[in-house]
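Reader: I have a structure in front of me and do not know where to begin. Could you take me through some of its features one at a time?

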Amino acid sequence: MKKLLAILILTAIVFLPGCPKKENQPPVVQKASGLEGIVETTTGTFTWSGDDPDGTIKKYECRKDGLIWEDVALQTTYTWNDYTSGAHTFEVRAIDDKNAFSNIVVWNFTSIKQMILVEGGQFTMGDTWGDGYDDETPTHDVTITYDYYIGKYQVTFDEFDAFCDDTERTKPADAGWGRGKRPVIFVSWWDAISYCNWLSERAGLPIAYDGLGNLLDSDGEITLNPSEVVGYRLPTEAEWEYAARGGKSKSPFKYSGGDIADDVAWYRENSYNENVGRITTWPIGLKTPNVLMIYDMSGNVHEWCSDMYSAYTSQAKTNPFVSVGTERVIRGGSFFSIERLVRVADREKLDPTYKRDGVGFRIAITAE
């Protein structure tokens, strides 16, 4: 009887309201505000709150782009003002007086500060001057019914190397010319779209390409309409030429930004590098941009486009994209191209698996 009474008393004590909380519970952190998705800024403020069920939060730590954890004491707000264009992550965790770590809260965002808005419109695509190559004809009217963003600069080694670090990929060679702000080279078309998909995932967007290289819409279904693609991608050939020509401004120049190749392009005649003793690529943004403030669309490195290469027809087209073929379009010419090959109408083709020192890319994304 005494044992039964003792059990009943103990049970009653356990379930009495106001009993001590269970010990050894880690702290908990929750988001309050911050950058998510696509943003057009280079400064962002993040705020959060924290609680410890059985103790006291000793400090918070934050981490930018997966680097080292930074002690921010007990502050619950942080302003990050030195990030670049591209995909970023910001993380916060708490540590309590028992040295227990909390959950980690993560913000994923992508800054498009260094991307240029290209408003939709109509233009004549191809050799409108009459001195180009056969595959630039016949000229034909193209209408782009949507707005899109395109990279202000070609993707650099700094940007592509961050992707390689995050995905544990082997970094492409730089031919001994240097990395940093030079356009990335020795990247295949498949490398370029993998980078695009990585950017999309970092920004919390649906990826733009499946494993076969097909364009995907917001539901992950194959599409032939670039306006239905939400994630980061390579520009279509038509988008590339329209942007190179200055979009709605309809600039009359043969090269992207002017009629004098030396002013706007690194090409065979001016790309000699005395430090290396040969012609090379050059850091982005050193030449005159076009009217939209896009740099290096003529010269420096050829740029992969989304499209398969195909012959032109005279038929007018709306939002064109070519998905059938064996070779991908490259545009813009490069540091080893003759002057004629850095015109905005020039087009070339390359096996999508091929990597060379004169081929890189820039990114695009359909505007919301």
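Author: We will go through a helix, a buried residue, some backbone angles and then the empty spaces. Keep in mind that this is a predicted model.

Reader: Let us start with the helix. How many residues does α3 have, and what span does it reach?

Author: Helix α3 covers residues 189-202, which is 14 residues. From its first C-alpha to its last it reaches 20 Å, close to the 20 Å expected at 1.5 Å a residue.

Reader: How many residues of α3 are buried?

Author: A general point comes first. An α-helix has 3.6 residues a turn, so residues three or four places apart point the same way. In this case α3 is mostly covered, with 11 of its 14 residues buried. Among them are Trp189, Ile193, Tyr195, Trp198 and Leu199, along with Asp191 and Arg202.

Reader: What covers the buried residues of α3?

Author: The cover includes the helix α2 (157-167) and the strands β7 (86-96), β8 (105-111), β15 (302-308) and β17 (328-331).

Reader: What is found at the ends of α3?

Author: At the N-terminal end, Ser188 acts as a cap: one of its side-chain oxygens lies 3.3 Å from the backbone nitrogen of Trp190. Just after the helix, Gly204 takes a positive phi of about 75°.

Reader: Now a single residue. Is Ser306 buried or exposed?

Author: Buried means under 20% relative accessible area. Ser306 has 1% relative accessibility, so Ser306 counts as buried. This residue is found in strand β15, one of the elements that cover α3.

Reader: Which residues does Ser306 touch?

Author: Leaving out residues up to four places away in sequence, Ser306 touches Trp189, Tyr209, Leu215, Leu234, Pro235, Thr236, Phe321 and Arg328. Trp189 is also one of the buried residues of α3. As for Leu234, the side chain of Ser306 reaches its backbone oxygen at 2.9 Å.

Reader: What should I know about the backbone before I look at its angles?

Author: Most residues other than glycine have a negative phi, and most peptide bonds are trans.

Reader: Which peptide bond is cis here?

Author: The bond from Thr137 to Pro138 is cis, and its omega is near 0°. Pro138 sits in the loop between β10 (121-125) and β11 (140-144).

Reader: Where do Ala73 and Met293 lie, and what is the phi of each?

Author: Ala73 is in the loop between β5 (70-71) and β6 (77-80), and its phi is positive, about 55°, although it is not a glycine. Met293 is in the loop between β14 (278-279) and β15. The phi of Met293 is near 70°, again a positive value in a residue other than glycine. Ala73 counts as partly exposed because its relative accessibility is 44%. Met293 is partly exposed too, with a relative accessible area of 40%.

Reader: Last, the empty spaces. How many cavities of 30 Å³ or more does a search of the whole structure find?

Author: The search finds 1. About 40 Å³ of space lies in it. Residues that line this cavity include Arg245, Phe253, Tyr255 and Asn290. By class, the lining divides into 4 nonpolar, 5 polar and 1 charged.

Reader: What is the volume of the second largest pocket, and which residues are closest to its centre?

Author: Its volume is about 230 Å³. Of the 14 residues that line this pocket, Ser310, Tyr312, Lys317, Pro320 and Val322 are the closest to its centre. The lining has 7 nonpolar, 3 polar and 4 charged residues.

Methods. Residues numbered from 1 in each chain as written. Predicted model: local features only at pLDDT ≥ 70, side-chain atom pairs only at ≥ 80, totals over all residues. Heavy atoms only, no water. 1 Å grid on protein atoms, 1.4 Å probe; cavity = no way out; pocket = protein on both sides within 12 Å on 5 of 7 lines; lining within 4 Å. Points joined across faces, edges and corners; volume = space filled by probe spheres on them. Nonpolar A, V, L, I, M, F, W, Y, C, P; charged D, E, K, R; others polar. Helix = DSSP H or I, 4+ residues; strand = E, 2+ residues; numbered from the N terminus. Expected span 1.5 Å × (residues − 1). Buried < 20%, exposed > 50% of the residue type's maximum accessible area, 1.4 Å probe, protein only. Contact = heavy atoms within 4.5 Å. Polar contact = N/O pair within 3.5 Å; in protein donor to acceptor, adjacent residues only side chain to side chain.
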